[in-house]
Structure formats: C-alpha cells, structure tokens
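Please read the following explanation alongside the sequence and the coordinates. The aromatic pairs come first, and the sheet follows.

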Amino acid sequence: MISKNITSNKEKLIKAFNNSSDFVAYEFKTRADIKILICFIEGFVNKDLFDRDILKPLILELDGQKEIKEVIFTPKIEEVDSIEQVKNEIIFGKIAIFIEGNTNCFVVELIKWDKRSIEEPNSEAVVRGPKEGFIEDIEVNKVLLRRKLRNNKLVFEDYRFGKQTNTKVSIAYIKGIVNEDVLQELKRRLEKIDIDAILESGYIEELIEDSPLSLIGTVSNAEKPDIIASKILEGKVAILVDGTPHVLTIPRIFVEGIMASEDYYLRPYYSTFLRLLRIIGLFAAVYLPGIFVALQLYHQEMIPTVLLINMAGAREGVPLPVTLEVLFMTIALELTKESGLRLPKNVGATVSIVGALILGQAAVEAGVVNAITIIVVSTSAIAEFVVPGLIQGIVVYRFVILLLGGLMGLYGVACGFIFITMELVSLDSFGVPFAWPIAPREWGGLKKDTLVRLPLWKNIFRPKAIEKRNIRRQISPWRK
C-alpha cells in the first residue's frame with residue numbers, strides 16, 4: 001500500500017530500484033506548503049514538458065483546495081494505489097506524483113526517447129509501392145498500421161512478457177474479419193509464455209509456433225505496414241513486439257514465400273511471371289547442386305555429349321571428388337555471406353566482392369575447383385535470394401540434397417524431394433494447413449492468387465483456409 005508519508009514512499013522506491021543512478025526522486029513544497037514527491041527514470045521523460053506542464057503548475061497552483069487533475073492538464077493521468085503498480089509504471093517511463101497525506105499516487109505519461117526515423121527496410125526494398133517501414137518503437141508501429149487501416153474495428157490488445165524485461169507485446173486484428181479460431185488459439189498460447197526476457201519477435205515466434213523443430217517456420221514476419229495490413233485484411237492476426245521492426249503474422253501458408261507486396265502494385269500478368277520465376281529460383285536454390293553432382297557421378301548418359309566433354313576437360317587436374325568440390329564451394333559461399341552480413345556495410349561489401357570474385361577465380365586457376373562448379377553454386381546462391389522468406393530452410397536443405405545426390409544419385413535427390421514435400425504437407429499453422437491450396441487442393445485458391453495473380457476485380461474472396469465465416473471482400477457487378 002501507499003503510505004500517507006511521502007518520505008516512506010521515497011525510501012521504498014529507492015530500495016526497489018536499488019539506488020540506481022538514473023532513478024530520480026525529487027521532493028519539494030508548493031506555495032501552499034504542500035509536500036510533493038515526484039519519481040521517474042531519467043532519459044524517459046521530456047524535460048521541457050515536465051517543467052512546463054508538471055513542475056511549474058504544481059508549485060504555483062496546487063493549494064489544497066484544487067485536485068491535482070485540475071492543475072495538471074493532460075489526458076494521460078491515472079491513479080494507482082500500490083507501490084508495486086507505481087514501480088511498474090515508472091519502469092515504462094511514466095512519472096509518479098505523491099502528495100503528502102494522500103494514499104493514492106498519480107501517474108502521468110510524458111515519455112520521450114530517441115528513436116530511429118521511419119525509412120525503407122533494406123530487406124524488403126521495392127521499386128513501386130510504399131517505402132516506409134516499421135521501427136523499434138511499438139507505439140509508432142501501431143500508428144503506421146492505423147494509417148493503412150483507418151477502421152474503427154481494428155483492435156490492438158496489449159500484453160507484457162518477460163520477468164526481467166517486461167516487454168510490451170500487442171496483437172492486432174480486424175473484428176469481424178479475423179479468424180476467431182486462430183485468435184483464440186493465439187491467446188491461449190500467449191498466456192502460457194513464462195520466460196525471463198523477450199528481446200525480439202523471434203522469441204515470441206519460437207514460443208508459439210506449431211513445429212519449432214521444423215526447418216521451415218510456420219509464423220511469418222515483415223517490416224512493412226502495407227504487407228501486415230494486407231495480411232490482417234485476409235483474416236490473419238499480427239503480433240507487434242516493442243524493440244523490433246519485425247512484425248509477426250499468423251497463420252502462415254507456404255505460398256506466401258513466393259509472393260511479394262509489389263505483386264499487387266504491378267500488372268497482373270507480369271506479377272504472375274515473377275511468381276513463376278520465384279518458383280524456378282526456389283527449386284534451383286535447393287536442388288541444382290545436388291542434381292549437378294548426381295549427373296556427374298551416376299548419370300553421365302543424361303548429359304549432352306558436348307557439355308559432358310567440356311565438363312570432363314574442366315575437371316582435368318582437379319584433385320577433389322565432385323561431391324567434395326561442390327560442398328567446399330557451398331560452404332565457402334555461406335562463409336562469404338555470413339561475413340558480409342556481420343561486418344559494417346562498406347567493409348562487408350568489399351569482403352563479398354573479394355570472396356565472390358578473387359577467391360573463386362584463384363580457386364579455378366589453382367585447379368582446386370573447376371569453372372562449371374563455380375557457375376552451378378553461384379546460380380544456386382543467386383536463386384536463393386529470390387525467395388528471402390524461405391532462406392533458412394533453403395540453406396540447410398541444399399546441403400541435405402547435395403549429400404543425397406553424392407551418395408545415391410538422382411534416386412537420392414528424389415528421396416530428398418519426397419521427404420521435403422511430406423514435411424511441407426504435414427505442417428499446420430494454428431490449425432491452417434501450411435501447404436494450402438496445394439494440399440489440401442483448392443482450385444479456387446490455386447488459380448486466383450497463388451501461382452497466378454489475377455486482376456484485383458477478380459479476387460473477390462479471402463483465402464478460405466484462413467477465414468471461413470466472412471470470406472467475401474468485394475463485389476464487382478460491372479465486371480464479369
């Protein structure tokens with residue numbers, strides 16, 4: 001409970017914050033000789049507004065006749081009646097005001113801290129479409145989403161997770177469109193979270209997903225408000241986490257990996273071509289090195305004669321078996337990518353160029369690998385970046401298919417393909433089949449907005465696997 005004696009409250013809070021240097025406990029008297037205690041964490045509070053709207057009015061106008069809400073003009077003022085509540089509010093950047101003789105504390109929000117400006121995400125750059133992206137402040141991210149969905153039925157529900165971090169997490173959905181079954185299941189899983197810290201949305205993703213041991217995630221994420229808004233309009237639920245620009249959405253289906261937000265801003269037939277190109281890139285990224293190794297070792301009769309002669313000539317003098325050769329270059333590729341990502345941008349770009357050009361050329365000239373292997377591995381690497389949402393699975397499965405191709409030829413590649421397909425078909429995301437509309441097959445989904453992107457006026461219904469109650473999104477009487 002809060003004591004009537006503000007000195008006692010001051011001692012309790014100083015002890016609660018372990019006498020931290022950034023905890024401010026300022027005690028003073030008003031003109032009417034009323035003792036006031038103000039507590040906050042330095043750096044969280046806008047000092048100019050604090051002096052103008054809190055400190056000055058209290059000293060000059062609070063006289064015992066007026067209530068504090070008549071002196072401080074701010075809509076964000078609340079009363080709390082326990083020291084524990086006060087402590088939690090101060091942790092989140094609010095100002096606590098104690099008045100001598102009063103057993104309640106008034107909490108005011110004047111939060112201000114430095115934040116990154118809104119800019120285009122590097123990982124989701126587009127030629128046409130909105131360039132703004134989420135930042136690390138959850139309140140700013142809510143506003144960005146509100147600007148896309150100016151709808152009174154857009155609902156945000158807030159949670160706090162992490163015993164040590166008290167991280168703010170918010171789920172967002174549109175009432176009446178959201179899949180209620182998915183929403184209730186998400187809430188059930190969130191309520192079970194009991195962990196010390198939530199530092200990024202990846203923590204939440206791992207704690208709530210259906211198959212945490214799978215190489216393919218069943219929770220999607222994006223950094224752009226237009227992408228999240230479009231998914232919410234399909235009946236999905238978004239999960240925003242304070243401290244990260246990556247916003248999660250559930251449920252996720254596999255075909256999202258071959259889609260991009262820009263598909264809906266370009267001509268339908270060109271968007272369809274790009275989707276087919278991404279499918280080819282996906283297969284090339286996973287299977288091309290394995291097929292190359294299998295053909296060279298076990299199925300030379302399937303290679304055209306001229307190409308086979310050229311490949312045999314290129315391998316002359318190369319000491320490594322073809323499987324180890326491709327494996328060596330694939331590992332070198334991953335090392336180059338990882339070093340380029342972790343180093344500063346300018347240095348990282350230089351390292352990538354050195355690794356891709358100088359190292360590859362030197363390896364060919366030294367006879368360690370042949371030029372055709374460089375071409376195959378490079379093509380696989382380029383194709384990988386066409387589907388960035390599936391990169392984690394692609395990298396691991398590429399190694400698996402490569403080893404199977406080296407051990408068992410095309411039979412091994414086929415077994416790997418069947419295994420990967422079976423895994424995709426067996427996955428669920430919050431009760432929604434991950435491989436929809438391929439498995440279970442649904443012709444309407446296949447021919448309208450998955451492999452093919454038809455004109456918007458043809459796209460009348462929401463994905464039936466995601467939302468089954470309110471599936472109609474538009475009526476187009478003037479087009480048939």
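Across the whole structure, a search finds 9 aromatic pairs. The model is a predicted one, and the ring geometries below are computed from it. A pair of aromatic rings is described by the distance of the centres and the angle of the planes.

Take Phe17 and Phe23. Their ring centres are 4.6 Å apart and their planes make 10 degrees, so this pair is stacked; planes under 30 degrees apart count as such. Are the two residues buried or exposed? Phe17 has a relative accessibility of 13% and therefore counts as buried. Phe23, with a relative accessible area of 9%, is buried too, since the cut-off for burial is under 20%.

Phe254 and Phe434 make an edge-to-face pair, with 6.0 Å from centre to centre and 65 degrees between the planes. Which parts of the chain does this pair link? Phe254 belongs to the loop between strand 10 (247-250) and helix 9 (268-298), while Phe434 belongs to the loop between strand 12 (432-433) and helix 16 (443-449). The two residues are 180 residues apart, and the pair thus links distant parts of the chain. Phe254 has a relative accessible area of 17% and is buried. Phe434 is at 0% relative accessibility, so Phe434 also counts as buried.

Ring pairs also join Phe283, Tyr287 and Phe417 into a cluster. Two further rings have an arginine over the face. Arg160 lies over Phe92, at 3.6 Å from the ring centre. Arg189 lies over the face of Phe430, where the distance to the ring centre is 4.1 Å.

The next topic is the sheet. Strands of a sheet pair through backbone hydrogen bonds, either parallel or antiparallel. Here an open sheet of 5 strands has antiparallel pairing and the strand order 1-2-4-5-3. Which strands form the edges? They are strand 1 (23-29) and strand 3 (77-80), each of which pairs on one side only. From one strand to the next, the twist averages 25 degrees.

At one edge, strand 1 and strand 2 are paired in the antiparallel sense over 7 bridges. Within this pairing, Ala25 stands opposite Cys39 of strand 2. The hairpin formed by strand 1 and strand 2 has 5 residues between the strands, and Asp33 takes a positive phi there, near 65 degrees.

At the other edge, strand 3 is joined to strand 5 (residues 105-108) by 4 bridges, and these two strands run antiparallel. Glu78 has Val107 in strand 5 as its bridge partner.

Two helices pack on this sheet. Helix 1 (residues 6-16) touches strand 1, strand 2 (35-41) and strand 4 (95-99), and its direction makes about 15 degrees with that of strand 2. Helix 2 (residues 47-61) touches strand 1, strand 2, strand 4 and strand 5. What angle does the direction of helix 2 make with that of strand 2? The angle is about 165 degrees.

A last residue to locate is Glu84, which is found in helix 4 (residues 83-91). Glu84 has a relative accessibility of 45% and so counts as partly exposed. From Glu84 to Ala222 the separation is 138 residues in sequence and 36 Å in space, taken C-alpha to C-alpha.

Technical notes. Residues are numbered from 1 along each chain as its sequence is written. This is a predicted model: local features need pLDDT of at least 70, side-chain atom pairs count only at pLDDT 80 or more; totals for chains, interfaces and linings use all residues. Side-chain values use heavy atoms; hydrogens and water are left out. Two strands pair if DSSP finds at least two bridges between them. Axes are lines fitted to C-alpha atoms, for helices over the stretch in contact, and angles run from 0 to 180 degrees between N-to-C directions. Contact means heavy atoms within 4.5 Å. Rings of Phe, Tyr and Trp (its six-membered ring) pair if their centres lie within 6.5 Å; planes under 30 degrees apart count as stacked, over 60 as edge-to-face and the rest as tilted. Buried means under 20% relative accessible area, exposed over 50%, partly exposed in between (1.4 Å probe, protein chains only). A charge sits over a ring if NZ of Lys or CZ of Arg is within 6 Å of the ring centre and within 35 degrees of the ring normal.
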